[in-house]
Amino acid sequence: MKFTVQEIADLIKGTIEGDPKTEIHKLSKIEQGEPGSISFLGNPKYTHYIYQTGASAVIVNHDFVPEQTINCTLIRVENAYNAFAMMLEAYNNLNREKSGISGFAAIAESASTGNNCFIGDFVSIGEHVKIGSNVKIYANTSIGDNVIIGDNTILYAGVKIYNDCHIGNNCTLHSGVVIGADGFGFAPQSDNQYSKVAQIGNVILEDNVEIGANTTIDRATLGSTIIRKGVKLDNLIQIAHNVEIGENTVIAAQTGVAGSTRIGRNCMIAGQVGIIGHLEIGNDVKIAAQSGISTNLPDGAIVMGSPAFDISSYRKAYVYFRSLPKLVDRISALEKRFKGEK
């Protein structure tokens, strides 16, 4: 696909310095620019690249003042980073413009689909499934009975949605996501074996949720595991049964949340965090990477460490922790001196 600089400037509401008819057919980093590509300058430390880039056009802020000759066409905008992100989204949407139902898909007669849907090769859709309009379901995805999927949702290749789960509008589920597998429920028996506890609930994803590749969200034992609107989950995350995650919370990769824990709104949870079950995590909480959460956290808490505690106290304690070898040496020297004086 090719676009002129003028078409791009119209999209991002920019003003052009240079040739508006220049053709663009790819996006690039400014340091890797080549003819026919467009890039952006959002961080001042990359400014030197604009004088040597091979890109045909670069998006810059309105207040950018060149100190040397520039060979590329400029598009000036209020915020170059945001404008480039807008362009990336538009480009991504063009690449996702697919429709039609593959002849290799297996769709139950009782299932229904809305307008302008795309269903790829070897997709399996169970009984009484309801799929909204403009939904895109890529190859090898499996959708169980009684699932509901809202409008404008995308399921990439290899997504698995178990029966009775609900997926909202404008959601994105990346490859390998599993929604609604059994929660980890086993009752210990007197002979040291375990009896499986049936998991008969479901998973509900509200609107505008994005789930990263190979993340798993378990169905509830009873009721629902709930991911509220606007939540963003990274790759390789485990959400256990009956967990609830509040609106607009973001969680980074390799985090695990144990059963029945409730996480509030607008939280930021970094990678490799472990949260035990049956906790209450407040709103606007921030949890640093590799933290272990074993107690409830109030609104606005910022914690770090395993077990985690207030991040300011953690940083002070860490200063002492790093000094421990020197302290040990000093104590050993004092002990030797004390023994020598005896």
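**Surface, sheet and salt bridges**

Student: In this predicted model, what is the relative accessible area of Tyr-318?

Tutor: Start with where it sits: Tyr-318 belongs to helix α3. Buried would need under 20% and exposed over 50%. Tyr-318 counts as partly exposed, so its value falls in between, at 38%.

Student: Which elements give two or more residues to the nonpolar patch?

Tutor: The patch is made of Tyr-318, Phe-321, Leu-324 and Leu-327, and together they have about 380 Å² of accessible area. The elements are α3 (311-322) and α4 (324-341).

Student: OK, on to the open sheet of nine strands: which are the edge strands?

Tutor: Follow the order, β10-β13-β16-β19-β24-β27-β30-β33-β36, with parallel pairing. Take β36: this strand pairs with β33 over two bridges, and Ile-263 stands opposite Ile-281 there. An edge strand pairs on one side only, which leaves β10 (112-113) and β36 (280-281).

Student: Which residues are linked with Glu-244 in a network of salt bridges?

Tutor: Two partners come straight from the distances: Arg-228 has its closest N and O atoms 3.1 Å from Glu-244, and for Arg-262 the figure is 3.0 Å. Arg-262 lies in strand β33 and Glu-244 in strand β30, so that pair ties together parts 18 residues apart in sequence. Glu-244 itself is buried, at 15% relative accessible area, whereas Arg-262 is partly exposed at 39%. The network links Glu-244 with Glu-206, Arg-228, Arg-262 and Glu-280.

Student: And how far apart in sequence are the parts tied together by Asp-182 and Lys-196?

Tutor: Their side chains meet in a salt bridge at 3.1 Å, N to O. Asp-182 lies in the loop between β21 and β22, and Lys-196 in strand β23, so the separation is 14 residues.

Notes. Residues are numbered from 1 along each chain as its sequence is written. This is a predicted model: local features need pLDDT of at least 70, side-chain atom pairs count only at pLDDT 80 or more; totals for chains, interfaces and linings use all residues. Side-chain values use heavy atoms; hydrogens and water are left out. Patches are made of residues with over 30% relative accessible area and no salt bridge: like charges are joined within 9 Å, nonpolar side chains (Val, Leu, Ile, Met, Phe, Trp, Tyr) within 5 Å. Accessible areas come from the Shrake-Rupley method with a 1.4 Å probe; for residues, only the protein chains shown count as cover. A salt bridge is a side-chain nitrogen of Lys or Arg within 4 Å of a carboxyl oxygen of Asp or Glu. Helices (H or I, at least four residues) and strands (E, at least two) are DSSP runs, numbered from the N terminus. Buried means under 20% relative accessible area, exposed over 50%, partly exposed in between (1.4 Å probe, protein chains only). Two strands pair if DSSP finds at least two bridges between them.
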